[in-house]
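Visitor: I would like a quick tour of this model. Please keep the answers short.

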Amino acid sequence: MIDRDIKRSLGQMIKGVQVVGATSADGETQRLYCSHWVCQVSFEAPIVVASVSPKHDTHALIADTGRFSVSILAGDQVDAGQYFSYPGHRFQYLADELVEDWDGLPVVPASISYLRCEVVDRKQLEDHELFFAKVTATREGRLREPPLLYSSRLGWRVTGDKAREPGRSIRDELLERLGLADDGSVDD
């Protein structure tokens, strides 16, 4: 069991919500689960990492096929986030309206965007496995919508408000105070 203080501190982190999906090699079985543990780890080679519990039925499909999809959820998709937060068998996979096929992989309709990922490396941890995957295709959805967020402390949230004033750059103000130009050279 995780230490209470560690759990409370980690609960302060707020993360984007995605649904990870996979299809069996024979194409007969599709599974999806809600995650806020998917993130980009490389830019030049577009690599993401997905942390997946071996207890999820999606894990075996990803491990077997080496591919998965990511649906980035919009703020108004908390229903999909909550549905896929529970093992699908609990609901007997009854919400077909929350799944569509994208080039052989399951995704959530009307998401912000979609990623098709091919596993390039794996790392086993205590209770999860990290799947490092190259993004091999994308599909745009509702890109202008604010993303759905989650933290164990604050629950489900929607992004929206800007964190800084438009047109104001703290970086430029600090460089000006130092008497430096944008390129790091000293102003005369």
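Visitor: Is Ser151 buried or exposed?
Guide: Buried means under 20% relative accessible area, exposed over 50%, and partly exposed in between (1.4 Å probe, protein chains only). Ser151 has a relative accessibility of 1%. Therefore Ser151 counts as buried.

Visitor: What are the ground rules for these values?
Guide: This is a predicted model, where local features need pLDDT of at least 70, side-chain atom pairs count only at pLDDT 80 or more, and totals for chains, interfaces and linings use all residues. Residues are numbered from 1 along each chain as its sequence is written, and side-chain values use heavy atoms, with hydrogens and water left out.

Visitor: What is the mean pLDDT of the chain?
Guide: pLDDT is the predictor's confidence in each residue, from 0 to 100. In this chain, 91% of residues reach 70 or more. The mean is 88.

Visitor: Which element has the lowest mean pLDDT?
Guide: Helices (H or I, at least four residues) and strands (E, at least two) are DSSP runs, numbered from the N terminus. E6 has the highest mean, 98. The lowest, 83, belongs to helix H4 (residues 170-178).

Visitor: Which residue offers its backbone oxygen to the side chain of Ser151?
Guide: Ser151 sits in strand E11. Contact means heavy atoms within 4.5 Å. Beyond four places in sequence, Ser151 touches Gly11, Met13 and Ile14. The backbone oxygen lying 3.5 Å from a polar atom of the Ser151 side chain is that of Gly11.

Visitor: What is the relative accessible area of Leu149?
Guide: Leu149 is also placed in E11, which spans residues 148-151. Leaving aside neighbours within four places in sequence, its contacts include Ile14, Val17, Trp156 and Arg157. Leu149 is buried because its relative accessible area is 16%.

Visitor: What is the strand order of the sheet that holds E11?
Guide: Two strands pair if DSSP finds at least two bridges between them. E11 and E12 pair over four bridges, antiparallel. In that pairing, Leu148 has Val158 in E12 as its bridge partner. The open sheet has three strands, in the order E1-E11-E12.

Visitor: Why is one side of E1 and of E12 left without a neighbour in the sheet?
Guide: Strands of a sheet pair through backbone hydrogen bonds, either parallel or antiparallel. E1 (15-16) and E12 (155-158) stand at the edges, so each has a single partner strand.

Visitor: What is the order of the seven-strand sheet?
Guide: This sheet is open and its pairing is antiparallel. Its edge strands are E3 (30-35) and E4 (38-42), each pairing on one side only. The twist averages 35 degrees from one strand to the next. The order is E3-E2-E6-E9-E10-E5-E4.

Visitor: How many bridges join E9 to E10?
Guide: E6 (residues 67-72) and E9 (residues 113-124) run antiparallel, joined by six bridges. There Ile72 stands opposite Ser113, and Ser69 has Arg116 as its bridge partner. On to E10, Ser113 stands opposite Glu140, and a hairpin joins E9 to E10 through four residues. The bridges between E9 and E10 number eleven.

Visitor: At what angle does H2 run to E2?
Guide: Axes are lines fitted to C-alpha atoms, for helices over the stretch in contact, and angles run from 0 to 180 degrees between N-to-C directions. Helix H2 (residues 57-65) lies across E2 (18-23), E3, E5 (47-52), E6, E9 and E10 (129-140). Its angle to E2 is about 55 degrees.

Visitor: Which residues have the most contacts inside the largest nonpolar core?
Guide: A nonpolar core is a set of buried Ala, Val, Leu, Ile, Met, Phe, Trp, Tyr and Cys residues joined through side-chain atoms within 4.5 Å. This core has 16 residues. E2, E5, H2, E6, E9 and E10 each supply at least two of them. Those with the most contacts inside it are Val48, Ile62, Phe68 and Cys117.

Visitor: What is the relative accessible area of Cys34?
Guide: A second, separate core of twelve residues includes Val17, Val19, Cys34 and Ala95. Cys34 lies in strand E3. Beyond four places in sequence, its contacts include Val17, Val19, Phe84 and Trp156. Cys34 is buried, its relative accessible area being 15%.

Notes: A polar contact is a pair of N or O atoms within 3.5 Å; within protein, one must be able to donate a hydrogen and the other to accept it, and residues adjacent in sequence count only if both atoms are side-chain atoms.
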